[in-house]
Amino acid sequence: MSQMVPTAQNKRVLPRVVAIAVDVFQVPESNVSPASSPDTIETWDSLHHLSFVVALEQEFGVQFSPEEIEQLLSIELTAALLEEKLKETGASNGC
Amino acid sequence: MSQLKEMRAQIDTLLSQERWVEAHARLGDLWQHDGKAAAAGYIASSYDRLRGHIAAVKCRIALLRSMTLEPLVPILRSAALVAGIDPTVQVGQFNSYAQEILDPQSALYSFQPSIVILAVQTRDILPEIWEGYADLSEAEIQAAIDRVSEQFRALVRTFRERSNASLVIHTFEKPSASHGVLDAQQSAGQLAAIERLNEEIKAICREHRGVYALDYDALVAHHGRARWHDEAKWLTMRMPFAADSLLPLVSEWMKFIHPITGVLCKVLVVDLDNTLWGGVLGEEGLEGIQVGSEYPGAFYRSLQRTLIDLHQRGILLAVCSKNNREEAMEALEKHPEMLLRPEHFAAFRINWQDKAQNVREIAAELNLGTDAIAFLDDNPVERERVRSEMPEVKVISVPDHARGFARAIRECPYFERLTLSAEDKEHTRMYHQQAKRAELAKSAASLEDFYRSLDQEVQIAHVIPETLARVAQLTQKTNQYNVTTRRYTEQQIEEVAAQPNWGVYSVRVKDRFGDNGIVGVLIARTEGEVCEIDTFLLSCRVIGRTVETAMLGFLADTSRKNGASILRGWFLPTKKNAPAREIYAAHQFKPVATEDGRTLWALNLEEADIPNPEWIRLHVTNGSHRAEQARAS
């Protein structure tokens with residue numbers, strides 16, 4: 001799990017992930033932190049999770065594998081995973 | 001990215017300043033630029049602040065499905081909300097569409113939907129053909145298809161017995177062929193089997209009113225079969241679509257929701273230079289403008305072809321262009337490559353006036369509200385001018401170059417129609433006749449002379465299956481000369497007409513300039529002594545020609561024959577029906593009750609009579625002006 005810890009690099013990704021969480025889960029930005037997860041955001045249920053996945057894919061221009069979909073368990077884990085994926089594809093600016 | 005942030009900031013400001021109409025328009029722009037899952041969340045929460053401050057058509061949409069559709073719901077809501085449609089959406093239980101339709105106590109029926117979308121995947125209902133085709137005999141394949149078409153036939157029949165809602169059915173998607181290229185060589189191939197099933201589904205839709213087929217396979221093919229799906233989401237969450245397929249599917253649904261809810265444009269107002277043809281006529285002359293079969297004229301001709309398709313669908317076209325009128329008309333009449341000719345247009349404003357003013361005049365000339373107008377212009381300044389002046393006009397968002405115009409028109413859901421009546425196809429010709437009538441009115445010495453010279457024939461007939469669609473359409477579309485503005489679906493009209501004490505009549509008007517088609521509807525119910533008018537409406541086309549007197553006279557006679565002594569009707573005022581306000585007073589009706597601005601008018605049939613105007617030949621037929629119907633279409 002060590003590669004999932006937030007790094008200086010994913011700071012650019014993190015605010016975009018937070019913005020998407022605010023839109024998809026319809027919560028105020030002040031309620032979303034890197035540690036936010038389905039346990040802390042009430043509307044983050046399995047169906048909203050799917051909307052979250054779709055919104056992330058559209059924002060960053062990536063596609064998640066089944067394993068990855070199950071790993072997006074907090075805002076910071078999501079940002080870290082995206083950072084990895086963007087490095088792989090070299091597509092650092094999704095839009 | 002920063003542009004989208006700016007748009008959101010602007011919307012937030014407009015909302016906090018309570019500038020609702022502008023905020024709504026900007027939400028539409030945002031959605032146009034950013035039709036994605038995240039923006040859908042923002043739009044839905046912004047709309048919650050707008051609700052109640054702007055006019056919106058409410059509807060209740062139920063999704064019946066064999067797969068996960070929940071992430072589509074916020075996208076559907078956003079697409080509808082920006083179009084002025086405020087939907088309540090219910091998603092049925094996963095893969096229990098059959099139980100929901102068959103169980104009269106199900107959540108589907110207690111939700112009381114106005115629109116139901118039935119989305120079932122081939123791989124869920126026909127796994128043997130989706131994957132196991134290679135193992136099956138021809139007879140087994142046919143048996144599988146028969147099983148599904150019989151199941152759907154029964155489901156649709158049951159649904160129709162229990163609900164008036166419109167039903168939109170996804171047809172079945174074709175799989176990738178188990179036999180590879182061999183499939184296309186076989187007489188009973190796997191893909192051909194799905195095509196046969198889809199033909200059956202479409203036939204089932206045609207057997208019922210208000211049931212429509214959505215060609216799902218064509219939709220997938222249009223967007224690219226290889227990109228449409230996402231196996232990762234299918235296998236983990238049972239949602240088969242890729243992220244970028246959600247909006248195209250919702251847009252396809254909207255093509256049905258617009259005509260079902262009546263949120264439509266009746267006229268497309270188009271510019272000429274660099275829109276209908278390339279180049280500026282005033283500078284380059286008739287020979288210099290580009291329209292034809294080669295590049296770049298072909299783009300303009302393709303737009304012209306698309307506009308003719310709209311014209312055939314009953315949508316009126318009008319020209320609004322800054323040009324010299326004579327030159328422009330000459331180009332439309334004489335340019336050898338032009339597909340659109342003057343007769344395709346119902347109105348012209350070719351001058352140097354402000355376009356917003358021209359659009360307003362076109363609406364007035366055609367007797368329509370400005371909300372029935374769509375506006376196509378290559379010039380973003382003109383588009384912005386019309387939009388800021390009249391937010392209710394549907395300004396078509398077009399790309400910078402004309403090669404995208406035809407597609408923008410084809411994808412605009414405001415031009416979709418689900419039925420096509422003979423009147424629709426004749427629309428423009430009728431407006432031309434109307435112009436001749438207006439000239440006659442100017443030249444006639446007195447009003448009575450004018451009425452006489454029109455040589456009018458009014459045919460009143462019981463509604464019959466052939467006229468049902470038109471009668472329902474008139475109740476949905478007529479806003480001005482309509483005393484109660486009650487909207488009915490075909491299904492509801494059919495039910496009302498079947499009641500013994502109700503009468504539902506179509507009114508057809510002919511005159512010396514031609515056949516106006518069915519332009520009026522009467523619905524009345526007799527209860528003992530009293531005949532109550534439920535619906536009395538007349539298309540603007542024939543207002544002011546005493547047709548309404550003939551219609552009321554007919555109702556008075558019929559009521560008397562049915563044993564009634566009182567003919568009465570409510571006038572329910574709306575923003576638009578002021579033209580009909582005086583109708584009852586003008587025919588000796590007396591106000592007998594009022595509540596909340598509504599007035600009940602009554603006529604004592606034993607004391608008063610409404611004679612048929614001497615200049616109108618009135619024909620009352622028992623349902624079948626079938627012969628005329630056939631002649632007109």
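**Helices in chain A, domains and sheets in chain B**

Chain A has four helices and zero strands, so to speak a plain α-α-α-α pattern when read along the sequence. The model discussed here is a predicted one. Of the 95 residues in chain A, 36% count as buried. As for how the chain folds back on itself, take the contacts between residues at least 6 apart in sequence: 63% of these join residues at least 24 apart.

Chain A meets chain B through a contact that takes 18 residues from chain A and 21 residues from chain B. On the chain A side, the elements that give two or more residues are α1 (13-25), α2 (46-60) and α3 (66-71). Helix α2(A) provides the largest share, with eight residues. Sorted by character, the chain A residues that touch chain B come out as 10 nonpolar, five polar and three charged.

Turning to chain B, the domain assignment splits this chain into domain 1 (1-48), domain 2 (56-261), domain 3 (267-415) and domain 4 (422-632). Between the C-alpha centres of domain 1 and domain 3 of chain B there are 29 Å.

The largest nonpolar core holds 106 residues. Within this core, the residues with the most contacts are Ile43(B), Ile117(B), Leu246(B) and Val250(B). Helix α14 of chain B, spanning residues 246-261, gives the core its largest share, nine residues. Both domain 1 (1-48) and domain 2 (56-261) of chain B put residues into this core, so the core lies between the two. For a closer look at one of these residues, take Ile43(B): leaving aside residues up to four places away in sequence, Ile43(B) touches Leu27(B), Leu30(B), Trp31(B), Ser78(B), Leu81(B) and Val82(B). There is also a second core, separate from the one just described, with 48 residues. Its members include Leu272(B), Leu317(B), Ala318(B) and Ala347(B).

Next come the strands of chain B. Five of them make an open sheet with parallel pairing, in the order β8-β7-β6-β9-β10. The edges are taken by β8 (345-350) and β10 (394-395) of chain B; each has a single partner strand, so one side of each is left without a neighbour in the sheet. Further in, strand β6 (residues 267-270) of chain B runs parallel to strand β9 (residues 373-376) of chain B, and four bridges join the two. Here Val270(B) stands opposite Leu376(B) of β9(B).

Further along chain B, the pairing around strand β12 (residues 502-511) is antiparallel on both counts: with strand β11 (residues 456-462) of chain B through six bridges, and with strand β13 (residues 514-527) of chain B over nine bridges. In the pairing with β11(B), Val458(B) stands opposite Val509(B) of β12(B). On the β13(B) side, Lys510(B) has Asp515(B) as its bridge partner. A hairpin through two residues joins β12(B) to β13(B). Strand β12(B) is also mostly covered, with eight of its 10 residues buried.

Key:
Residues are numbered from 1 along each chain as its sequence is written. Chains are lettered from A and ligands numbered from 1 in the order in which they are written. This is a predicted model: local features need pLDDT of at least 70, side-chain atom pairs count only at pLDDT 80 or more; totals for chains, interfaces and linings use all residues. Two residues are in contact if their C-beta atoms, placed from the backbone, lie within 7 Å. Ala, Val, Leu, Ile, Met, Phe, Trp, Tyr, Cys and Pro count as nonpolar, Asp, Glu, Lys and Arg as charged, and the others, Gly among them, as polar. A nonpolar core is a set of buried Ala, Val, Leu, Ile, Met, Phe, Trp, Tyr and Cys residues joined through C-beta atoms within 7 Å. A residue is buried if 20 or more other C-beta atoms lie within 10 Å of its own, exposed if 12 or fewer, and partly exposed in between; C-beta atoms are placed from the backbone. Domain bounds come from an automatic or database domain assignment. Two strands pair if DSSP finds at least two bridges between them.
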